[in-house]
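Notebook open. I want to look up how the pieces of this model sit against each other.

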Protein chains: 2
Amino acid sequence: MTPLNLDQLDAFSQLFSYAKNGLRLKDMMSVKRVKDFQAHTASLSYHFYGAKIDQNVLQLFQKLSEQSNLISRYKELTSGSLINKTENRAVLHHAVRSSSKTLYSDEFNRIKTFANGVHSGTITSSNGTPFKKVVQIGIGGSYLGPKSFLDALMPYAISRNDVKLKSDFISNIDPDSFYSYLHAESSVFNETLWIIVSKSGSTIETTENLNLLRAIADKKGIDISKNIVLVTQKKSRLEQETTCLNTFYIDENIGGRFSVTSAVGALIVSLVFSPTYMESILKGSREIDENSLNKNCLTNLAMLNALNSIWERNCLNYSYKAVIPYSEALNSFILHLQQTDCESNGKQVNQNGDFIPYQTGPMLVGSAGTNSQHSYFQKFHQGSDVCPVQFIGFKKTQIDISVEDPISDNFKRNHNLLNENLISQFFALTLGNQSRDPRKNFDGNRPCTLLICDQLNPETLGALLSFYENTIMFQGFLWNVNSFDQEGVELGKKLATSLGQLRKQSTSTYEGNTQTEKLLQKIYSESFNN
Amino acid sequence: MTPLNLDQLDAFSQLFSYAKNGLRLKDMMSVKRVKDFQAHTASLSYHFYGAKIDQNVLQLFQKLSEQSNLISRYKELTSGSLINKTENRAVLHHAVRSSSKTLYSDEFNRIKTFANGVHSGTITSSNGTPFKKVVQIGIGGSYLGPKSFLDALMPYAISRNDVKLKSDFISNIDPDSFYSYLHAESSVFNETLWIIVSKSGSTIETTENLNLLRAIADKKGIDISKNIVLVTQKKSRLEQETTCLNTFYIDENIGGRFSVTSAVGALIVSLVFSPTYMESILKGSREIDENSLNKNCLTNLAMLNALNSIWERNCLNYSYKAVIPYSEALNSFILHLQQTDCESNGKQVNQNGDFIPYQTGPMLVGSAGTNSQHSYFQKFHQGSDVCPVQFIGFKKTQIDISVEDPISDNFKRNHNLLNENLISQFFALTLGNQSRDPRKNFDGNRPCTLLICDQLNPETLGALLSFYENTIMFQGFLWNVNSFDQEGVELGKKLATSLGQLRKQSTSTYEGNTQTEKLLQKIYSESFNN
């Protein structure tokens, strides 16, 4: 099966032509449409009456999904074929949460045992006292995914007394950042468990921050090796060179940005909350992974979302899009999503290595409402170009309001206000409001979708993650790009290595040999040498 | 003086035509260009050799700045004319930091006295003990600006033992967020000073969070009025209805998103660090405000940046742009910048209220490097569209590395790596690298600029703020929009009020009268009622 480019598919050409009709949301919207244009799983409801689609578009979506063989390609992926051809690897992040999951259940069992040992106090810090805090050192997928999980579930866990350890992350190589962290938390340094995460074991930010940590521990006279655990690939340089308390493994077939349901996220979630939280996350992800097998695009939420985003990008020509959760706890989830989306589909060659003649991944932006309303929403309502918005809302708060008497009324009112604001923004963007004063006029017709969950809890978080991961996968299939490599980050790494080598060769004045090196040095020295 | 639309200016037409020549960075770049294409103030260096501009473009920039009367319009603004016509107000945020600053020096003196009183312990919390923490409740400009100042200076202040109080912000109406904050910080509740910031005094998020705070204090039996200070307009409803420790005033002629150098930011900066920090910030801002008066665009940094961004938006057709600081401490500064830029220039009518036939403010994205390299930079390097990047770099760390022996070498190496990465990304984006394998090919020719400071400290922070504020102002002049109103956020507020009223009228089933209300209710109940 050789996949075709998007513009070689008949259904896409038809969609492209149909877009010229200029569908208007105001003409289409009705109470009936609001009831009909929805799709559901146990955890998620996807409302698409605010998208610029009608029955004809939906039929073409179905046809496009078939012509692009979306379901069979998803099955090919989960079967373990080497579909990441550039890196000659399989793509196995779904296997971590599959019901059979024989491949990874042993590792998760080891994590459970370890977390339970830390919680019960049988595993202690180097000075023999229980761990009080866990800090993960990692960057990219080893940072944003796990951080988004902890942030998303923190209010839920706090209100249930489920937070077992304090937690933090160190990611950037910026020494000011590391220094501030240390100063603020110096009182728990001796009882901090450090999780060092790098799949390859050679990520420069992570290994240098580990070196910095070691230097600090040496200065304090602490045997840091007993406070360190690793998450890495088997036999990585990191594993071979690091004495530590324990090591948990990740598979080379799971890419960094898709690794949060592997040991990369499972260890810290199990330590900070409990292994049960992680099991519920996996359950929620599994629900959507299974829903994503559905051939009918009206009942396959991630596939429908992917088809709509292709329509918005390639037929309606929107170059960026927003995801706006009405929950502060999801702010870092959006950053994780931005990473996963842009790194996966910010490509311009197809699976054969040929240049693609159409637009691929748009820029993804977003942050929690209502704050975003007071920030960039002016532009979304009246800016000169259109940004489709996907809102995420929750019927219930994460905290159990009934126990919060006598202030429960305030909590309830604020949650109502939150959701009333969400719907009001949705309404204003999609339907607008005519005014004779152009300054106060709102054209509307700016498409939005809604993603509604009962509550932000471990299971719905897992479902949300998988919904977006699978959306990105289906988009990649449609654009015919390899969503699982990241060749675009390699050149910058190479150049940084060159600059570093030149620095070591000559400490006083930087000099280069090739034309590239000379120019690189010149720009560096004009910028940073006095 | 009736300002003209951008497309009515001869210099713009010439720029638009000239863009068709397709300037290529690789052809233009040279060691000479790297030396020549720079502009400096005492605090900032602006390097524009990575922008797609040549001497012809620079000459047209100068001509455009003159045809658009940029300097005289800036002078008209600072003179106090009612240039914000929609709201019939002047735009006076520059006056807060001007060398004459008679208008606001009294208020800043009151802030100094208050902050010194809190630090010395003469002003205490309601239980008679010194304040330990300050929490600002505000949203939009009352949140992101002040938060960006505290975050930006925290490592600097920590390393100099200048942090006098713990600090935090509550902005969102999301009750889960407020609840988590309270739980995490319940031990200092009695010694927390609450700054309630709302210019109008009727911002719903802020007044409802204040109500929630009062309810919690009542439950705890604390007289919270003695732990509250206000920052608001004179005679606002908030002032009239709130018993409190003290009130500081902001002028109605200073818009929320431009208010961080007024009492909105000055109070919390003075309390957490010291009034001296705020004075240095103002000094840095003043330096750029004065530089912005320069008629020569080659020496006026903000004006040059604005002209280049118009060129990139309206002639080269880039629909979003990024600002990437190589400092974790500037992450929230970028969010503040995003807010200020998008809310100011995300418009589509001109000063006369006529529809504008060209693109205005692009979407602004960004976050700290090197983290962003591991997130969305794949897309910046090889995505199907171009995102111009402005990098911000610092010659020195915020911390004084020499005192950090024996780990100073690690800190120094990491800071070198940070800046080497910055330059490598700049190089890869602008110049690229040819490869026969399309997957490993980097076209380059993706424009970037550099903003270099000696160190991220109070003075350079003030300079950076003013650089961006004035860039946004000049952009607004060029697009001929009113950068100081925000009509686009009004409709959503109105609709939310309608939904809230309908909720109060009928607690069981929501019902509406008008067609709009019925549909609004329907969407709300399909989403959030079970």
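Before I talk about domains: their bounds come from an automatic or database domain assignment. This is a predicted model, where local features need pLDDT of at least 70, side-chain atom pairs count only at pLDDT 80 or more, and totals for chains, interfaces and linings use all residues. Residues are numbered from 1 along each chain as its sequence is written, and chains are lettered from A and ligands numbered from 1 in the order in which they are written.

**Entry: domains of chain A**

I looked up the split of chain A and got domain 1 (29–89 + 282–485), domain 2 (101–273) and domain 3 (488–528). For domain 1 and domain 2 of chain A, I find C-alpha centres 31 Å apart. Their contact (C-beta atoms, placed from the backbone, within 7 Å) takes 24 residues from domain 1 of chain A and 20 residues from domain 2 of chain A. Which helix gives the largest share of the domain 1 side? I get α14(A), with nine residues. Helices here are DSSP runs (H or I, at least four residues), numbered from the N terminus. Sorted by class, that side of domain 1 of chain A has 11 nonpolar, nine polar and four charged residues. My classes: Ala, Val, Leu, Ile, Met, Phe, Trp, Tyr, Cys and Pro are nonpolar, Asp, Glu, Lys and Arg are charged, and the others, Gly among them, are polar.

**Entry: chain A against chain B**

I superposed chain A on chain B with a rotation of 180° and 0.0 Å of shift along its axis, RMSD 0.0 Å (least squares on the C-alpha atoms of residues with pLDDT of at least 70 in both copies). So that's the relation of a two-fold axis. The same surface serves both copies, as 100% of the contact residues of chain A recur in chain B.

I then counted 120 residues of chain A in contact with 120 residues of chain B. Helix α16 (residues 408–431) of chain A gives the most to the chain A side, 17 residues. That side divides into 50 nonpolar, 48 polar and 22 charged residues.

**Entry: one helix pair**

I checked α9 (residues 204–220) of chain A against α16 (residues 408–431) of chain B: their axes come within 10 Å and cross at roughly 165°. Axes are lines fitted to C-alpha atoms, for helices over the stretch in contact, with angles from 0 to 180 degrees between N-to-C directions. Therefore α9(A) and α16(B) are roughly antiparallel (an angle over 145 degrees). Among the residues making this contact I noted Ile204(A) and Leu212(A) of α9(A), and Arg413(B) and Leu417(B) of α16(B).

Definitions and conventions
Helices (H or I, at least four residues) and strands (E, at least two) are DSSP runs, numbered from the N terminus. Angles under 35 degrees count as roughly parallel, over 145 as roughly antiparallel, 65 to 115 as roughly perpendicular and the rest as oblique. Two residues are in contact if their C-beta atoms, placed from the backbone, lie within 7 Å.
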